[in-house]
Each structure stands twice: as structure tokens, then as C-alpha cells.
Amino acid sequence: MIDLARIDTIFLDDGGVMNDNTLRGPEWQRLVGEFLAPRLGGAPEAWGEANRIVFGEIWREFEEFLLPTVEADSDTYTDFFVEQRVRWLCDMCARVGVPAPRDCLLVAVETEQYVLPRVRSAYPGAADAIKTLHARGYRLGTASGASSVELHGYLTGLGVRELFSERLYGQDLVRAMKGTSHYYNRIFADAALDPADTIVVDDAAWVLDRAAEAGAQTVLVSTKPQDSRHAHIVIKRLAELPALLENA
């Protein structure tokens, strides 16, 4: 059981905990089309389909960085995503059949800035749970595979950005891939926190194994059994977390 007396900080994962990735993909497709069609030409639906295909290709290439066996620092993380933003926009232009803009990176960043705060993919009760936890005095942070920029946009869209700490921990801020031994240690060091005073909430048991090994208490959000080296407390959805902590 969670040692409630020690807990003052809760780190939440994004996709799979706060937001439903199965809803987020279609939202991105709709919003990308909404933004780019008036600016570069082509039909919004064509942009949406192009985003689905191109992002899928890029994500498959990135998955190797997310394997639990990867231990290297992510010094190439930022470079990878700068390069892939350019490719993302230019490859979509090719699929839609419109000329790529002179500065693909600038347009890609502008597209991202438009889309991120407009995505609506939160799990039922997620925002209310976050507000309840904040009202009870918990310090809220993120521990996600997304970048800090993406997290800022998604939390803004969820209407809870101001309830989280200023630094939103994604892989870019700590320059370590989520799931490596470096990731949580660097978050706790950067935030000047004792891991034993924190709870890490994630939807992947193998990721929480790393958090537990770093000294954090852990909560797994899952409806299915998962193999794990550690005994994580399990809830089905983030909406259950306030009651879990109240009864701990």
C-alpha cells in the first residue's frame, strides 16, 4: 500500500493515463487538415490521411529508441525530432500533391502549435481527477515520452496546465529516453525530490519498474495484466487515483 504520509508529488504519464491515444490520432488528422489546407492547398481529408501515413512511418522508426533495453543517453533526441518535423511536413506535402513550403520546419512548428492545444482526447474523469489532486495539495508533474512542448499543449487543451509544475518532464528536458535507468533519476535530481516522496503513474509496467528501481512509489493504469519485476498498485483509470490516495 502507498505510504500516504510521505507523498507530496505525483508524476503523471500522458498517453494512456491522461489522454487516449486511440482518440488523439484522429484528432491530429482532423486538425492538421484544418490548419494546412487553407495555407498550402489540397483537401483537409487528404492532409489527415497523409498525416496518418507519414506519422506512422516516423513513429515506427522511433520505436527502437523506446525499447526497455536501450540505455544510451538521448543526445540525439532533439536532432532526431528536428529532422523528422521537416520530413513530416515535406512528406505530407508530397502525398497531398502540393509544393512543399520553402521553410518546412517553420510550417511544421506552426502546425504543431495550432494542433496541440486543440486536441481533445482526454479519458473520462481525467481532468476532474487532476483538479481534485491539486486541490488536496499534491504537487503535480509529468513523466512522459512526449516532449515538454507537446505536454504544454496537451495540458492546455485539457484545461489543467496551470495545475502542473513549470517544468513538464518529457525526454527532452532530462535528455534521457523514458524507460532507461537515467530517465527517472534525472527527473528526481532536476526537481530536487526524494523519490520516496513521489508517485509515478503510467500505463506500462516495464516503465514503472524503472521508476520503482529509482525509489518511487508506483501506480499502474491498466485493464489487463502486465508482466513486471515489481508489485505496482493497479487502477483501471486515472479517475480512480484520488479515491485510492484518500483510502491509502
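A residue is called buried when its relative accessible area is under 20%, exposed when that area is over 50%, and partly exposed in between. The structure described here is a predicted model.

**Helix α5**

With those terms in hand, helix α5 can be read by its two sides. A126, A127, A129, I130 and L133 are the buried residues in this helix. Viewed down the axis of α5, the buried residues fall within an arc of 160 degrees, so they line one face of the helix. On the other side of α5, D128 and A135 are exposed. The buried residues of α5 pack against two strands, β1 and β2, and against two helices, α6 and α10. Just after α5 comes G137, which has a positive phi of about 100 degrees.

**Salt bridges**

The whole structure contains 17 salt bridges. Three of them are set out below, each with its closest N to O distance.

| Pair | N to O distance | Location of each partner | Separation in sequence |
|---|---|---|---|
| R6 and D194 | 3.1 Å | R6 in the segment before β1 (9-12); D194 in the loop between α8 (181-190) and β3 (198-202) | 188 residues |
| R136 and E246 | 3.7 Å | R136 in the loop between α5 (126-135) and β2 (139-142); E246 in helix α10 (residues 241-247) | 110 residues |
| R167 and D190 | 2.8 Å | R167 in the loop between α6 (148-158) and α7 (171-174); D190 in helix α8 | 23 residues |

The pair of R6 and D194 links distant parts of the chain. R6 has a relative accessible area of 36% and is therefore partly exposed. D194, at 37%, also counts as partly exposed.

The bridge between R136 and E246 likewise links distant parts of the chain. R136 sits in the loop between α5 and β2, and its relative accessibility of 39% makes it partly exposed. Its partner E246 is exposed, because its relative accessible area is 55% and the cut-off for that term is over 50%.

In the third pair, D190 lies in helix α8 and R167 in a loop, so the bridge ties together parts of the chain that are 23 residues apart in sequence. D190 is partly exposed at 38%, and R167 is partly exposed at 34%.

Some salt bridges share partners. Through such bridges E57, R87, D91 and R95 are joined into one network.

**The disulfide and a free cysteine**

A disulfide is a covalent bond between the sulfur atoms of two cysteines. The structure holds one. The disulfide joins C90 to C104, with an S to S distance of 2.2 Å. The link of C90 and C104 is right-handed, with 120 degrees about the S-S bond. C90 lies in helix α3 and C104 in helix α4 (residues 104-115), so the pair ties together parts that are 14 residues apart in sequence.

The two partners fall into separate accessibility classes. C90 is partly exposed, having a relative accessible area of 24%, while C104 counts as buried at 7%.

Why is C93 not bonded to C104? The sulfur of C93 is 5.6 Å from its closest cysteine sulfur, the one in C104, and this is too far for a bond. C93 itself is buried, because its relative accessibility is 1%.

**A nonpolar surface patch**

Helix α3 (residues 77-96) also holds V86. Together with V82 and L105, V86 forms a nonpolar patch on the surface. The accessible area of these three residues together is about 180 Å². V86 counts as partly exposed, with a relative accessibility of 31%.

**The loop around G215**

G215 is found in the loop between α9 (205-213) and β4 (217-221). Its relative accessible area is 35%, so G215 is partly exposed. When neighbours within four places in sequence are left aside, G215 is in contact with P195 and A196. G215 and R118 are 97 residues apart along the chain, and their C-alpha atoms are separated by 36 Å.

Technical notes:
Residues are numbered from 1 along each chain as its sequence is written. This is a predicted model: local features need pLDDT of at least 70, side-chain atom pairs count only at pLDDT 80 or more; totals for chains, interfaces and linings use all residues. Side-chain values use heavy atoms; hydrogens and water are left out. Patches are made of residues with over 30% relative accessible area and no salt bridge: like charges are joined within 9 Å, nonpolar side chains (Val, Leu, Ile, Met, Phe, Trp, Tyr) within 5 Å. Accessible areas come from the Shrake-Rupley method with a 1.4 Å probe; for residues, only the protein chains shown count as cover. A salt bridge is a side-chain nitrogen of Lys or Arg within 4 Å of a carboxyl oxygen of Asp or Glu. Helices (H or I, at least four residues) and strands (E, at least two) are DSSP runs, numbered from the N terminus. Buried means under 20% relative accessible area, exposed over 50%, partly exposed in between (1.4 Å probe, protein chains only). The arc is that of the directions from the helix axis to the C-beta atoms. Contact means heavy atoms within 4.5 Å. A disulfide is a pair of cysteine sulfur atoms within 2.5 Å.
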